[in-house]
Amino acid sequence: MTETAVGIDIGGTGMKGALIDVETGEKLTERYRIPTPEGARPADVASTLAELVDLIPDISKRTPIGVAFPAVIDNGITRTASNIDPSWIDLDADSLFSDTLNRPVRLVNDADAAGFAEVRFGAAQGVKGLVIMVTLGTGIGTALIHKGHLIPNSELGHLELDGYPSYEKAASSAARERDGLSMQQWAERLQRYFGKLEALLQPKLFVVGGGISKKSDKFLPLLDLRTKIVPAVHLNSAGILGAAARAARNK
Ligand code: BGC
């Protein structure tokens, strides 16, 4: 029998989910989407999550559910809230979601989910060494995966660099829009960022995700790094795939 799990990705504007074959990474249903409730407070997000799961056909009470979320996840507790409502800090989100859905739910940091998906099913398959996934969106998310093993909650988007206490404020996709940067100007900030990561961690491969990675041909060629850098393969679905794959491993 095919091993399946539901993957859900909770983002700033939308909550997306699908049923996934966790051996191949194939989507077995369409990708369902519901807008993230205004303010994204915990109880509202939990009830929207229940609605979203209800839309997905062919699942049983035993189908694992994985949820990718933009915060540090410490044993199911959301520890940080950089770009989300502060009420998530130190919340037992795992219990909130599991109680609302009346079934176990497994939470994972959104960038960790995306990175894990790219290693299992995408741009970083079979890399013998450290892979660093960097998602460029409202913030900067990072995932460190060494020979298939995820080192969770790396949070390197908050590196202090060039006078910015948290470099995501300088180099995220939202920062580019906020500051009206050309691709060349943005690439100069990305160069500082990836150059620093490369010097500190000596990865074998960088994988770049987030919505803007669709336009990676406009900025990746402007970077001058020793490390190979490639766009994510599963642009919009990496979070869903990774959350499902992590949930299936730990059921
Ligand atoms: C958060 C990370 C998250 C990233 C991308 C950062 O601000 O601290 O936990 O992975 O944004 O959503």
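**Aromatic pairs, salt bridges and surface features**

Seven aromatic pairs are counted in this predicted model. A tilted pair brings Phe69 and Trp88 together, with ring centres 4.5 Å apart and an angle of 50 degrees between the planes. Phe69 belongs to strand E5 (residues 65-69), while Trp88 sits in the loop between strand E7 (77-78) and helix H2 (93-101), so this contact ties together parts that are 19 residues apart in sequence. The label "tilted" applies because an angle of 50 degrees lies neither under 30 degrees, the cut-off for stacked rings, nor over 60, the cut-off for edge-to-face ones. Both partners, Phe69 and Trp88, are buried.

Tyr164 and Tyr167 make an edge-to-face pair, at 5.6 Å centre to centre and with 85 degrees between the planes. How do the two tyrosines fare for solvent cover, buried or partly exposed? Tyr164 is partly exposed, because its relative accessible area is 27%, whereas Tyr167 counts as buried at 2% relative accessibility. Both tyrosines also belong to a cluster in which ring pairs link Tyr164, Tyr167, Tyr193, Phe194 and Phe206.

Charged side chains come next. In general, side chains of opposite charge can pair when their charged atoms come close. The structure holds nine salt bridges. One of them joins the side chains of Asp74 and Arg79, with an N to O distance of 2.9 Å. Asp74 is partly exposed, with a relative accessible area of 29%, and Arg79 is likewise partly exposed, at 33%. These two residues do not stand alone: Asp74, Arg79 and Asp90 are linked in a network of salt bridges.

A further salt bridge is made by the side chains of Arg192 and Asp162, at 2.7 Å from N to O. Here the pair links distant parts of the chain, 30 residues apart: Arg192 is in helix H6 (residues 183-201), and Asp162 is in the loop between strand E11 (149-151) and helix H4 (168-171). Arg192 has a relative accessible area of 42% and is therefore partly exposed; Asp162 counts as partly exposed at 42% relative accessibility. Asp179 forms a salt bridge with Arg178, and the closest N and O atoms of that pair are 2.9 Å apart. With a relative accessible area of 33%, Asp179 is partly exposed.

Some charged residues contribute to the surface in another way. Which residues form a positive surface patch? The patch is made up of Lys27, Arg31, Arg33, Lys214 and Lys215. Among them, Lys27 lies in strand E3 (residues 26-27). Lys27 counts as partly exposed because its relative accessibility is 36%, a value between the limits of 20% for buried and 50% for exposed residues.

Helix H6 offers two more reference points. Lys196 is found in helix H6 and counts as partly exposed, at 34% relative accessibility. Lys196 and Glu3 are 193 residues apart in sequence, and their C-alpha atoms are 40 Å apart in space. Leu201 is also placed in helix H6, and at 31% relative accessibility Leu201 counts as partly exposed. The C-alpha atoms of Leu201 and Leu144 are separated by 9.7 Å, with these positions 57 residues apart along the chain counted as their sequence separation.

The backbone deserves a brief look as well. Most residues other than glycine have a negative phi. Where do positive values occur in residues other than glycine? One is at Asp58, where phi is near 60 degrees. Asp58 lies in the loop between helix H1 (42-55) and strand E5. Asp58 is exposed because its relative accessible area is 71%, and the cut-off for exposed residues is over 50%. Another is at Gln202, where phi is near 50 degrees. Gln202 is found in the loop between helix H6 and strand E12 (205-209), and at 46% relative accessibility Gln202 counts as partly exposed.

Technical notes
Residues are numbered from 1 along each chain as its sequence is written. This is a predicted model: local features need pLDDT of at least 70, side-chain atom pairs count only at pLDDT 80 or more; totals for chains, interfaces and linings use all residues. Side-chain values use heavy atoms; hydrogens and water are left out. Patches are made of residues with over 30% relative accessible area and no salt bridge: like charges are joined within 9 Å, nonpolar side chains (Val, Leu, Ile, Met, Phe, Trp, Tyr) within 5 Å. Accessible areas come from the Shrake-Rupley method with a 1.4 Å probe; for residues, only the protein chains shown count as cover. A salt bridge is a side-chain nitrogen of Lys or Arg within 4 Å of a carboxyl oxygen of Asp or Glu. Lys and Arg count as positive and Asp and Glu as negative; His and the chain ends are not counted. The place of a charge is taken as NZ of Lys, CZ of Arg, CG of Asp or CD of Glu. Helices (H or I, at least four residues) and strands (E, at least two) are DSSP runs, numbered from the N terminus. Buried means under 20% relative accessible area, exposed over 50%, partly exposed in between (1.4 Å probe, protein chains only). Rings of Phe, Tyr and Trp (its six-membered ring) pair if their centres lie within 6.5 Å; planes under 30 degrees apart count as stacked, over 60 as edge-to-face and the rest as tilted.
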